[in-house]
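Biologist: Could you take me closely through one buried position and its neighbours, and then follow the contacts outward into the rest of the fold? Please give the cut-off for each term as you go.

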Amino acid sequence: MSSLLGKVAIVTGGSRGIGAAIATRLAADGAAVAVNYLSHQAEANNVVEKIVQAGGQSIAIQADVSKTEDVRLLFEEVAERFEGLDMLINNAGATHIRPMPIADATDETYDWTFAVNTKGTFLCLREAAKCMRSGGRIVNLSSTGVFNAHPGYAIYSAAKSAVEVFTRVLCKELKGRNITVNCVAPGATATERWFKGKSEELLQTIANLSPLNRLGTPEDIAGLVAFLVSPQGEWVNGQVIRVNGGFA
């Protein structure tokens, strides 16, 4: 496919899991992809190498999305390298591994979770709103947890809830520029980070909560993102789409 030929994308948190799958899929559809990472340089380079070996264009850029200057430099580097921006995928996220009831939550956990999920998304949206070309596409990543209010994940769900509000407001603020803004909210997805701290029995129990009796895959999420940024996805705007196999 080449539906994204000539387009330029930034995928934050693109070194592993869902982000890596999205970066690889957008490149396969023809886009030049900037793979953002914070600390997993080797994994980011592996994603870039995979894309380049398949004939695509890609670079890895280190940046902490919770830092204003890092985000500014990230967007500047992409502009210098590819001479424009057409897509932003706000995938970078942070969550605690085990459930943490509000009564047990620490200030540090709250600050860290909101810094990456909420402020990081805001900083990237602000830059994209200034420089994205006409016809652009923005996709934010939220969580099905916002919808089902799972005990022990209030801080994470609250941080992602703000991302959903950003989505609905920004699509209206960009009126007249032919840029869409949507949000994808995955459910349980089989990534290395998500598996941590969970037994095989628990994983199977969670998988069985879906009518499809399985966990989601990063490729499931990447497929929807690819549709939203494609020409066929233009009429979908300001929406939050739950991707969880019917779990919620």
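**Ser 58 and its surroundings**

Modeller: Leaving out residues up to four places away in sequence, Ser 58 is in contact (heavy atoms within 4.5 Å) with Val 33, Val 35, Val 48, Ile 51 and Val 52. The model is a predicted one, in which local features need pLDDT of at least 70 and side-chain atom pairs count only at pLDDT 80 or more, while totals for chains, interfaces and linings use all residues. Residues are numbered from 1 along each chain as its sequence is written, and side-chain values use heavy atoms, with hydrogens and water left out.

Ser 58 belongs to strand S3, residues 58-62; strands (E, at least two residues) and helices (H or I, at least four) are DSSP runs numbered from the N terminus. With a relative accessibility of 8%, Ser 58 counts as buried, a class that means under 20% relative accessible area, whereas exposed means over 50% and partly exposed lies in between, using a 1.4 Å probe and protein chains only. A polar atom of the Ser 58 side chain lies 2.9 Å from the backbone oxygen of Val 33. For such a polar contact, two N or O atoms must be within 3.5 Å; within protein, one must be able to donate a hydrogen and the other to accept it, and residues adjacent in sequence count only if both atoms are side-chain atoms.

Seen from the other side, and again setting aside residues up to four places away in sequence, Val 33 touches Gln 57, Ser 58 and Ile 59, and also Ala 9, Val 11, Ala 23, Leu 26 and Ala 27.

The strands come next. S2 and S3 run parallel and are joined by 5 bridges, where two strands pair if DSSP finds at least two bridges between them. Val 35, one of the residues in contact with Ser 58, has Ala 60 of S3 as its bridge partner. In the wider picture, 7 strands form an open sheet with parallel pairing, in the order S3-S2-S1-S4-S5-S6-S7. S3 and S7 (240-243) stand at the edges with a single partner strand each, so one side of each is left without a neighbour in the sheet. On average, and with direction ignored, neighbouring strands are turned by 20° against each other; axes are lines fitted to C-alpha atoms, for helices over the stretch in contact, and angles run from 0 to 180 degrees between N-to-C directions. Helix H4 packs on this sheet, touching S4 and S5, and its direction makes about 175° with that of S4.

Val 33 also leads into the interior. The largest nonpolar core has 31 residues, and those with the most contacts inside it are Val 33, Ile 22, Leu 26, Ile 89, Val 139, Val 184 and Val 229. At least two residues of this core come from each of strand S1 (8-11), strand S2 (32-37), strand S4 (87-90), strand S5 (137-141), helix H1 (17-28), helix H2 (41-53) and helix H9 (218-229). A second, separate core has 27 residues, including Val 65, Phe 75, Phe 82 and Leu 174. A nonpolar core here is a set of buried Ala, Val, Leu, Ile, Met, Phe, Trp, Tyr and Cys residues joined through side-chain atoms within 4.5 Å.

Charged side chains complete the view. With a salt bridge defined as a side-chain nitrogen of Lys or Arg within 4 Å of a carboxyl oxygen of Asp or Glu, the count is 7. Glu 69, Arg 72 and Glu 76 are linked in a network of these salt bridges, with N-to-O distances of 2.3 Å for Arg 72 and Glu 69 and 2.4 Å for Arg 72 and Glu 76. Arg 72 and Glu 69 are 3 residues apart in helix H3 (residues 68-82), which means that about one helical turn separates them, and Arg 72 and Glu 76, 4 residues apart in H3, are likewise about one turn from each other. Arg 72 is partly exposed at 30% relative accessibility, as are Glu 69 at 42% and Glu 76 at 33%. In helix H4 (residues 107-131), Glu 127 and Lys 130 are 3 residues apart, about one helical turn, and their salt bridge has its closest N and O atoms 3.9 Å apart; Glu 127 is buried at 14% relative accessibility, whereas Lys 130 is exposed at 61%.
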